[in-house]
Amino acid sequence: MPDRLCQLWGTVTDVSPGVVSVAGVSEHAGVGNEIVIDTNQGAVRGEILTISGDRVKAFLFGESDAIRIGDRAYIDQEATVTPGDHWIGQIINYRGEIVGEDGAAPPRACSPRKLLSKAPPSHLRSGLGPRLNTGLMVTDTVIPICHGQRLGLFAGSGVGKSTLLGALANGVEADRIVIALIGERSRELNEFATHTLPESARKKSVIVTATASEPPGAKKRAAYCAMAAAEHFRDQGHHVLLLFDSITRFAEAHREVALIGGETPALHAFPPSTVRTIAELAERAGPGATSQGDITAIFSVLVAGSDMDEPVADMIRGILDGHIVLSREIAERGRYPAIDVLRSVSRALPRAASDEENALLSQYRRTIALYEEVAPMIRANLYEKGHDAEGDKAIALYPMLDRFVSETNEAGIKEAFAHLQALLTAKDEKTEKPKAGAAAR
């Protein structure tokens, strides 16, 4: 904390749930500056929303219960956190403190880092790097993830989103993993950290969290804290995997803060500044400058009622480099991860794959699409085999192609493509062998 003798102090004049007004600091305050309120139960931080006359209005990162009229407050013009290797394996709160060590001083070798920073200049940023081994057949082939790519994970509640994030944390090649759990239930935080996240991934991970019960300001600050941690490790030359769960809760927190600040609500009450705020956060991830590492990011998006056109989903889809859609219908029939391949896309393709691999992926998608087309006829007992060779082939291939999405891959990307090709070829042969009198499985 800065030396208080060097701070200009003001006085709290109004207190509302989550919001305070402070007099005496407006001449030195800027919108977005942090303000620190000294209460009899410790410091409470907030962020300045508006400046009017002789006072400022700020929303709080913590609770307002302990704040009283007349409490002193000062401006902290450059909000910082101190990420470093001492965060690895730890859970960090929105104040940038290790949970269980509140107020502990960071190691001297660690330098403070601004919470709000700009993305690397576009003319200095590298392009997407090579494909990453992810440990899953489907993301090693059909929906590839590359160094520095930013993907959206679109899912409703209870369809296996957290489990898939844990699998990617374990499978994706990364030097450091930063996990932002924004607006999650406190029970889910402990469950994710101790059960969903494998021990091998936990040893190189930082978990930054603000739970559902915390104020919206705390959720926004935790998101920026996680991004600052990812940028710190990126600047050290590491490849960082950022798992952000969820960007929807971040957008909802911004909406609440913006409405308090007087912004005009628009679609679903999200103010116009929401798109810019999400874009500014997402742009900080991605490829670093030439001499830096990369931040490969996966942002989860909560899709209410499987509506891919709901406001946050529509905003984020145009900002990122692809999206993975989890389907409730697929989850209900017991196939996990419940990825809807036809609705998912990686914008790293076709450049991320060779011509032969792209041809194989096109064949895979065409076969799945054809099966989906004839499936209603099969269920209605209206489909007759022998009249459409392509349809017959799709029906024969589909069970194994669907199962392919659930398979793990420890061998590598080339082996995953070889497996897919062998699977298709072997299945084709088996569908033809009965015509020659051979036994069919």
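How many strands make up the closed barrel, and in what order do they run? Keep that in mind as you click around this predicted model.

**Stop 1: the barrel**

Select strands E1 to E6 and show them as cartoon. You're looking at a closed barrel of six strands, in the order E1-E2-E5-E4-E3-E6, with antiparallel pairing. Neighbouring strands in this sheet are turned by 45° against each other on average, ignoring direction. As a reminder, strands of a sheet pair through backbone hydrogen bonds, either parallel or antiparallel.

Now zoom in on E1 (residues 9-16) and E6 (residues 72-76), which pair in the antiparallel sense over three bridges. For a single spot to look at, pick Thr-11: its bridge partner in E6 is Arg-72.

**Stop 2: the largest nonpolar core**

Next, select Ile-339 and Tyr-364. Within the largest nonpolar core, which has 59 residues, these two touch the most other members. Colour helix H10 (residues 355-379) as well, since this helix gives the most to that core, with eight residues.

Stay on Tyr-364 and show side chains around it. Leaving out residues up to four places away in sequence, Tyr-364 touches Val-142, Val-341, Leu-401, Phe-404, Val-405 and Leu-420.

There's a second, separate core too, with 54 residues, including Tyr-224, Ala-229, Phe-250 and Ala-282. Generally, nonpolar side chains in soluble globular proteins tend to be buried together.

**Stop 3: helix H6**

Select residues 247-260, which is helix H6. This helix has 14 residues and reaches 20 Å from its first C-alpha to its last, close to the 20 Å expected at 1.5 Å a residue. Show its side chains and find the buried ones: Ile-247, Thr-248, Phe-250, Ala-251, Ala-253, His-254, Val-257 and Ala-258. An α-helix has 3.6 residues a turn, so residues three or four places apart point the same way. Just past the helix, click Gly-262, where phi is positive, near 100°.

**Stop 4: the aromatic rings**

What does Phe-250 pair with? Show Tyr-224 and you'll see an edge-to-face aromatic pair, 5.8 Å centre to centre with 85° between the planes. Tyr-224 sits in helix H5 (residues 216-235) and Phe-250 in helix H6, so to speak a link between distant parts of the chain, 26 residues apart. Both Tyr-224 and Phe-250 are buried.

To finish, add Phe-244 and Phe-299 to the selection: together with Tyr-224 and Phe-250 they form one aromatic cluster. Across the whole structure, a search finds eight aromatic pairs.

Conventions: Residues numbered from 1 in each chain as written. Predicted model: local features only at pLDDT ≥ 70, side-chain atom pairs only at ≥ 80, totals over all residues. Heavy atoms only, no water. Core = buried A, V, L, I, M, F, W, Y, C linked by side-chain atoms within 4.5 Å. Buried < 20%, exposed > 50% of the residue type's maximum accessible area, 1.4 Å probe, protein only. Helix = DSSP H or I, 4+ residues; strand = E, 2+ residues; numbered from the N terminus. Contact = heavy atoms within 4.5 Å. Pairing = 2+ DSSP bridges. Axes fitted to C-alpha atoms, helices over the stretch in contact; angles between N-to-C directions. Expected span 1.5 Å × (residues − 1). Phe/Tyr/Trp six-rings, centres within 6.5 Å; stacked < 30°, edge-to-face > 60°.
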